[in-house]
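Here are a few short exercises to try with the model open beside you. Have a go at each one before you read its solution.

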Amino acid sequence: ENFDIAASAAEAAEAAEAAASVPEPKRAKPLVDATDPYQMPPAAFLPLGHTGDAVPSPQKPKKPPKQPNPNPKGPFDDWNFVNNTPSHMIPARDADGIDVEDVLAHLQSLPFYKDQAVHVRCLPARRVSYAALGSALTPCLRAAMRSKGISPDRLYSHQVEAIGHIRAGRHVVIATPTASGKSLCFNVPVLDALVRDEAATALYIFPTKALAQDQLRSLNEFLDGAAAQGSPPPQSLRRGYTLDGDTDWADRTEAARLGRVVFTNPDMLHSSVLPQHRTYQRLLSNLRYVVVDESHTYRGNFGCHVTFVFRRLLRLVSHYRRREDAAPPVFVFCSATIRNPSDHVGQMLPAALCPHGIACVDEDGSPCGPKKLIVWQPPARVAPGTFSKTDYAAAAAAAAQGGEEAKAAARPTA
């Protein structure tokens, strides 16, 4: 009997354990959390009679799509004088351009104007001046110029003058405004001489790598145009080479071995080319032209260092010359922003190299429309509690006047 009772208890325990091990059926988890205000839908989203349990959570109400602005306004739309002219904008004359007189009059009528326009000058228009290139060019150069739509018989007068100086072997500085065709002034005579003499080389010096790369791209396009016209340049002149900090050793070796037009900068010339002059012996021994662009940057201490680099370059060129009677390379300086080009460039070359001075081309033959130059001097912004120059001047004048009054009051009266 006791055994039966124990067996019954064991069976009951097993049954209870088995019942406990059976997983309870999963209840449907409410998809809406009543404690979350972002999930609890409003009554309008629930079916009639529902409490929100086991109801799919509705999406958040989407914002209405943003309507495109019928009048978009960018950072420069305030200057659209033709299509939209609010009252605060400067008036326009017509669709062809802005009347400078109206602009200046409008600025002078604004509340912030305090005589900031300190100087106004009218620069007249300049008529174009053409000239013909007297000496003949090689067919390659004629084809390259024809591919650019340029005729040798219709060049700007300053271009013909500069080409004549370079061909005559005179050192020259070209100081004409921007976009006046200075690159053509030195590319035409240099490339023409290099086509005629397949051993001659040229060195183009620019202050930055970006300028050198831009000029290299233009030169390659110029020569490709000649090939497209059926008069390709010699194989050794099909491409130019760059020597700068980004040039790897393989390209440097190729430039030293094959380069005839090499683009570099003063730092690379000083730190790599001249110290390794034996590697660049072919380039230096046949050097005929040195083109120095943006020559106005070579001033002060930097200009003094570049001057010594040029002297060292000339010594090495003279050392590697095969003939003692060979002429030194011709220097071509270019600048668009310089007041005294001859004096500035004359200090960069040895006096023995240019005993008759340096030819200067500064009469621009390219056309130019009329311009109005307005010098705008903004007012000085002075921090609170400080004095401006005007305040100091007024205080000094008042002190001086007060001193004279004090002296007058101290004088004895009769």
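What follows is three exercises on a predicted model, each with a worked solution.

**Exercise 1.** Find out how many cavities of 30 Å³ or more the structure holds, and work out which residues line the largest cavity.

*Solution.* Start with the count: the structure holds 1 cavity of 30 Å³ or more. Its volume comes out at about 30 Å³. Next, go round the wall: the lining is made up of Thr 208, Lys 209, Ala 212, Thr 242, Leu 243, Asp 244, Phe 263, Thr 264 and Asn 265. Now sort those residues by type, and you get 3 nonpolar, 4 polar and 2 charged. Finally, look at where they come from: α6 (209–228), β6 (241–243) and β7 (261–264) each give at least two residues to the lining of the largest cavity.

**Exercise 2.** Walk along helix α4 (residues 157–167) and pick out the buried residues.

*Solution.* Keep the residues with under 20% relative accessible area. In α4 that leaves His 158, Gln 159, Val 160, Ala 162, Ile 163, His 165 and Ile 166. Then step off the end of the helix: just after α4, Gly 169 has a positive phi of about 85°.

**Exercise 3.** Place Thr 178 in the fold, then decide: is Thr 178 buried or exposed?

*Solution.* First, locate Thr 178: look in the loop between β4 (172–174) and α5 (182–196). Then check its relative accessible area, which is 66%. The cut-off for exposed is over 50%, so Thr 178 counts as exposed. One last step takes you across the sequence: Thr 178 and Ala 336 sit 158 residues apart along the chain, yet their C-alpha atoms are 5.7 Å apart in space.

Terms used:
Residues numbered from 1 in each chain as written. Predicted model: local features only at pLDDT ≥ 70, side-chain atom pairs only at ≥ 80, totals over all residues. Heavy atoms only, no water. 1 Å grid on protein atoms, 1.4 Å probe; cavity = no way out; pocket = protein on both sides within 12 Å on 5 of 7 lines; lining within 4 Å. Points joined across faces, edges and corners; volume = space filled by probe spheres on them. Helix = DSSP H or I, 4+ residues; strand = E, 2+ residues; numbered from the N terminus. Nonpolar A, V, L, I, M, F, W, Y, C, P; charged D, E, K, R; others polar. Buried < 20%, exposed > 50% of the residue type's maximum accessible area, 1.4 Å probe, protein only.
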